[in-house]
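Please look through the sequence and the model shown here before reading on. The briefing after them takes up the contact between the chains, and then selected strands in each chain.

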Amino acid sequence: MVRSQECDLTISGNVYDEASESPLSYVTIFIQETQEGTVTDDDGNFTFELVCPGEYHFIFSHIGCEGKKFHFHIDQDTTLNIPLSHSSTILGTVVVDGKKNNRGEQANSSVNRQNIEDNANQNISGILENETGVHLIKNGNGISKPVVHGLYGNRLSIFNNGILQSGQQWGNDHSPEIDPFSSDKITIIKGAAAIEYGGGNLGAVVLSEPKRIEEEPHLHGQVNYNFESNGLGHTLNTRLEKYASLFAWRLSGTLKKYGDKRAANYYLNNTGLEEANLSFQAEKSWDEDVFFEFYASTFNTTLGVLRGSHIGNLTDLEQALTNEVPFFTEDKFSYQIDAPKQVVSHHLIKGKLKFFLDESQIVDIVLAGQMNDRKEFDVRRGDRSDMPSLSLSQLTFNGDISYTKYFGEDWKLKVGNQNIITDNINNPETGILPLIPDYGSWKSGLFGTLAKTYNKTFFNAGLRYDYEDQRARTISNTLPREIIRYENKFHNISALLTIKSNITRTQSLAWNIGYAMRNPAINELYSSGLHQGVSGIEEGSIDLETEKAIKNTLEYKFFPNSDFTMNALLYYQRFKDYIYLKPQDEIRLTIRGAFPVFKYEQTDANIYGLDLSTQVTFSNTLYGLMKFSYIKGEDSRNDLPLIFIPPNNLFASLTYRVQKALSFSNNVKMEETEVEISNRLILQKGDILEEQDFVLPPATYNLLALKFSTNLILPSYKIRCFIKADNLFNTQYRDYLNRQRYFADDLGISVTLGMNIKF
Amino acid sequence: MLVLALFLTACNDDDPIIENEEELITTLGYTLTSGGETVTLLFQDFDGDGGEAPIITGGTLTANTNYVGSMQLLNESETPTEDITEEIAEEDDDHQFFFETDIPGLSFIYTDGDSAAQPVGLSSTLSTGNAGSGTITITLRHEPNKSAEGVSDGDITNAGGETDIEVTFPVDVQ
């Protein structure tokens, strides 16, 4: 069959820890096609002998690392040197096109693909929940958005494959409409003023990124299926990809169906969800000079909202606050989703061209369009429950161009221009005056960053200017109703300085300072009306001025060897003219009774804290992780605590891996069998005062989780199975940042079974 | 072409359509009749959630008298004025009015019923006792639990549901 059956080739190599560059022992390596396996020695070395020429897939795995699979064509003796990423806190280096792309060397942490797959029973925000410095603002469990260092909503930018996610980001009860299965890595950047990622974000950026399509000629893919007991929820995802000769492509589709969730002691009626998503990616390179990427995705969901959380007036709210069990609770489960509910869809189309002008110059051009459609339904009188109470359509166009140049001794310059055009309208089908007005806006930003590596120190300076033009067409909330137009022009500046040094071979220290300006957003200026999201009447303020903030971060890392890493991040952010929704003394009387009033106002604020994380590999079978976050927010002008700052929390986990791979039949091996026990402790917020909220923050709570997982390696497939239990002891608890806490307990125990088949 | 289309849409400058606020109730009138005497308690709030204070008109009732009570709900932001009372009557199973007062000797009886013979409150009887003064609060609940304890007797405690109307009138009994 083959020209010469010379099965005498040797494959040898070395596996090392990406961060510390020290060798990794006890790494298991499998050749999928031959089922041959070996283990690295104390120096990280391995050898396969008497190998036949051919195409092979190698699977590398080690405790505490993200496993890796590589495809190689072997026709001669080959040496492989493989880095494995050991730390969930990547040290800011990503190798892209042969050059290091340091992300400005800002403090960041990321969630890898296996974590995404193991947690896909949740939405994209839920997957980030265990990262340090991250908490979630929720409205029930299906609806949640990330809070990073106390920043969320208008202050946190979320990027979907490089495109700033458009939509109604201002709403606390609006989840980011991104399918986690479309992502291979989700990174949280916590540095100050991330210059390249749009102006206006004051130090928190979340990047959801699919990876490059591997140069693998075969059709590869995976099927993921999860079943979750709480909500009797099914999640199904399929992904296919191929580096075909015409162009490389990847297709991914997800379906999700959940019924009513359950708190520790009762059903949370009407909290089901349905989701249907599709994404398509195509890539093509011409020579080594031009690279083109096309990406299109659609995300569609229907989310039920707890019936008992939609209140009438203040009297109803006060009654609900005293109820043991939310009103409208029934002891029955259903997949049916009625009002109140949200129906949202988000479509994205993107094209990117990358020109490698030569060895040291790159030009990127990105064009994208997004369409976000959001309808929110309330229980209404007459036959109107099928008529949305809120119906917003937003069309966005993004156009970016950037130029990168590497020159001299480790210098890197990047300049760019980014533009966003937004058109937002209320569809006239609600019979209710809109909460936020129709508007159009145009934003254009110009930025430049300069980086230099000198010996063991890295410097980065960045500057950005943004111009924003907003045109709002509002309807007065006084009588007679008339149309009032506003036009605002804003000029914002951001600046950034980073100095990072590998002070010794095992320690690094990074200091980052950034200044950013954020102009008031449309909802902060012109909101008007009853907003269930705040349980009251929300009003904008046309006098708001631009927010200015300075954020300082200091990050220390200690990584003596592959067995231990420690990461400590201290941050301090000072705001002038911080915009927030302040409860007013006014109780507004309407025919429906009395309602609390919230108005957007400005103050001066400070947010500061510490993120600490440690990873320890105790032996080649035992691995531990610990994360702690402390955060404090103050309204310094009024000497009050800031509301919506997350509680302090501690997360710890211990993973035991069965070292030996078990062989079943000739062709089936079971490896990477692990048991993981983890605990999340959320401490009560003690600083909020009675007059700042309807109810004081809830008590400290503790959630225990247990997970079993294993991988089955077959000649053509790799099957990962897991079973995990969240809230193992069915603890009854409420979380400060879950609006549902006024009305109901949070989720009770949930067992999830997952299966992931890779081929 | 896609770019141009998006550009043009973004330059969309059309006036927003001022919606017809059909569900809004601007006016509640509780008319009490006895013999030749008619007293109407009126609550008017034309701007919905807006900041304009509502106009509340109380009344004076005669002591030791039985009045026939009739509820009327209107949306006066529309031209012509829309009668919402009918909508409530059509969804009578899902609605119930509650009457609360701190005036001693004043009481209410429901004189109507829905398809399950549970009270609604669009028609009622108000009986005054001796002279006194205080307030009467009328609450309309949407989807209350009419079979919970005390609810069909007019006790709001276990009713639940969502409040669509809650108005308080100053009343004198002479």
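Two strands are said to pair if DSSP finds at least two bridges between them, and strands (E, at least two residues) and helices (H or I, at least four) are DSSP runs numbered from the N terminus. Strand β2(A) and strand β5 (residues 54-61) of chain A pair in this way, in the antiparallel sense and over four bridges. The model is a predicted one, in which local features need pLDDT of at least 70 and side-chain atom pairs count only at pLDDT 80 or more, while totals for chains, interfaces and linings use all residues. Residues are numbered from 1 along each chain as its sequence is written, and chains are lettered from A and ligands numbered from 1 in the order in which they are written.

**Strand β2 of chain A and its partners**
- Within the pairing of β2(A) with β5(A), Phe30(A) stands opposite Ile59(A).
- β2(A) also pairs with strand β3 (residues 36-39) of chain A, again antiparallel and over four bridges, and Ile29(A) has Thr38(A) as its bridge partner there.
- The two strands β2(A) and β3(A) form a hairpin with four residues between them, and Gln35(A) in the turn has a positive phi of about 60 degrees.
- In a regular strand the side chains alternate between the two faces of the sheet.
- From β2(A) (residues 28-31), Thr28(A) and Phe30(A) point one way and Ile29(A) and Ile31(A) the other, and all are buried (20 or more other C-beta atoms within 10 Å of the residue's own, against 12 or fewer for exposed and partly exposed in between, with C-beta atoms placed from the backbone).

**Where chain B touches chain A**
- In all, 41 residues of chain B are in contact with 43 residues of chain A, contact meaning that the C-beta atoms, placed from the backbone, lie within 7 Å.
- On the chain B side, the elements that give two or more residues are α1 (2-10) and β11 (162-173).

**The open sheet of chain B**
- Four strands of chain B make an open sheet in the order β4-β11-β10-β7, with mixed pairing.
- Because β4 (59-61) and β7 (95-101) of chain B stand at the edges with a single partner strand each, one side of each is left without a neighbour in the sheet.
- β7(B) runs antiparallel to strand β10 (residues 132-142) of chain B, to which seven bridges join it, and Phe97(B) has Leu140(B) as its bridge partner in β10(B).

**Thr57 of chain B**
- Thr57(B) is found in strand β3 (residues 55-57) of chain B, and it counts as partly exposed because it has 13 C-beta neighbours inside 10 Å.
- Not counting residues up to four places away in sequence, Thr57(B) touches Leu41(B) and Leu42(B).

Methods:
Two residues are in contact if their C-beta atoms, placed from the backbone, lie within 7 Å.
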